[in-house]
Amino acid sequence: LFVSHKNFDCSSLSRFRMDDAIDKARPMHAGTLRLSRPITAQDKNIDELKYDFEKLTGIDYADAMDTDKNSDNKFRVTDKQALALFGKACEKSMPGIIDMRDVVERITAADAITGVQLSAVFFLASTNGGARRITKS
């Protein structure tokens with residue numbers, strides 16, 4: 001897994017304890033991806049995608065997870081699910097400009113790989129971060 005971000009390089013995840021990696025991944029929850037090839041959406045040329053995973057709701061998450069009917073593992077995100085999650089994060093950050101379908105159906109494979117990596121890091125950080133917030137009663 002490798003995604004470059006101005007504050008974080010995912011290739012370094014293995015060098016940190018998981019808690020440190022989660023904390024380092026937090027700045028990646030929002031940003032802008034410059035596309036390798038522009039797409040058209042709503043009759044506009046789009047050359048970059050803004051994304052913000054923190055804007056996603058529970059139903060946004062569930063809808064993205066439902067895109068891969070073959071997945072039965074709730075503790076792992078598939079590439080198809082991750083791409084849908086990235087598309088939803090873009091849709092929430094660019095309302096009225098782009099929707100999830102525009103993202104998943106029109107971006108290049110190279111850009112999709114980056115979106116999948118960003119989603120995977122968010123998923124991992126959220127899953128492990130959530131586990132830290134659960135307490136026994």
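These numbered points go through a predicted model, from its overall make-up to a few residues and salt bridges.

1. Confidence. The predicted model has an average pLDDT of 82, and 74% of the residues score at least 70. Over residues 1-16 the pLDDT is below 50, although this stretch has 29 contacts in the model beyond near neighbours in sequence. Those contacts should be read with that score in mind.

2. Overall make-up. The protein contains four strands and five helices. Their order along the sequence is β-β-α-β-β-α-α-α-α. Of the 137 residues, 42% are buried. Taking contacts between residues at least 6 apart in sequence, 60% join residues at least 24 apart. The accessible surface is about 8,300 Å², and carbon and sulfur atoms account for 50% of this surface.

3. Serine 93. This residue is in helix 3, which covers residues 79-93. Is serine 93 buried or exposed? Its relative accessible area is 17%, and the cut-off for buried is under 20%, so serine 93 counts as buried. Its side chain reaches two backbone atoms: the nitrogen of aspartate 52 at 3.0 Å and the oxygen of alanine 89 at 3.1 Å. Apart from neighbours within four places in sequence, serine 93 is in contact with Lys50, Tyr51, Asp52 and Lys55.

4. Aspartate 52. The residue whose backbone nitrogen meets the side chain of serine 93 lies in strand 4, residues 44-52. Aspartate 52 is buried, at 14% relative accessibility. Leaving out neighbours within four places in sequence, its contacts are His29, Ala30, Ala89 and Ser93. Alanine 89 therefore appears twice here: its backbone oxygen is reached by the side chain of serine 93, and Ala89 is in contact with aspartate 52. The C-alpha atoms of aspartate 52 and phenylalanine 86 are 8.6 Å apart, with their positions 34 residues apart along the chain.

5. Helix 2. Which residues of helix 2 are buried? They are Asp60, Ala64 and Met65. Viewed down the helix axis, the buried residues fall within an arc of 130°, so they line one face of helix 2. These buried residues pack against helix 3. On the face turned away from the buried side, helix 2 carries the exposed residues Gly58 and Ile59.

6. Salt bridge between helices 2 and 3. The structure as a whole has five salt bridges. In one of them, lysine 92 pairs with aspartate 60, with the closest N and O atoms 3.1 Å apart. This pair links distant parts of the chain, since lysine 92 is in helix 3 and aspartate 60 is in helix 2 (residues 58-65), 32 residues apart. How accessible are the two partners? Lysine 92 is partly exposed at 30% relative accessibility, whereas aspartate 60 is buried at 6%. Asp60 and Lys92 also belong to a network of salt bridges that includes Lys88.

7. Salt bridge within helix 4. Glutamate 105 and arginine 101 form a salt bridge through their side chains, at 3.7 Å from N to O. Both residues lie in helix 4, residues 100-106, and are four residues apart, about one turn of the helix. An α-helix has 3.6 residues a turn, so residues three or four places apart point the same way. Glutamate 105 is exposed, at 56% relative accessibility, and arginine 101 is partly exposed, at 47%.

8. Salt bridge between lysine 50 and glutamate 48. The closest N and O atoms of this pair are 3.5 Å apart. Lysine 50 is partly exposed, at 39% relative accessibility, and glutamate 48 is partly exposed as well, at 30%. Lysine 50 is also one of the contacts of serine 93.

9. Points to check in the viewer. Around serine 93, look at its side chain against the backbone nitrogen of aspartate 52 and the backbone oxygen of alanine 89. Between helices 2 and 3, look at the network of Asp60, Lys88 and Lys92, together with the packing of the buried residues of helix 2 against helix 3. At the start of the chain, keep in mind that the pLDDT is below 50 over residues 1-16.

Technical notes. Residues numbered from 1 in each chain as written. Predicted model: local features only at pLDDT ≥ 70, side-chain atom pairs only at ≥ 80, totals over all residues. Heavy atoms only, no water. Helix = DSSP H or I, 4+ residues; strand = E, 2+ residues; numbered from the N terminus. Buried < 20%, exposed > 50% of the residue type's maximum accessible area, 1.4 Å probe, protein only. Contact = heavy atoms within 4.5 Å. Areas by Shrake-Rupley, 256 points an atom, 1.4 Å probe, with all protein chains shown as cover. Polar contact = N/O pair within 3.5 Å; in protein donor to acceptor, adjacent residues only side chain to side chain. Salt bridge = Lys/Arg side-chain N within 4 Å of Asp/Glu carboxyl O. pLDDT = per-residue confidence, 0-100. Arc of directions from axis to C-beta.
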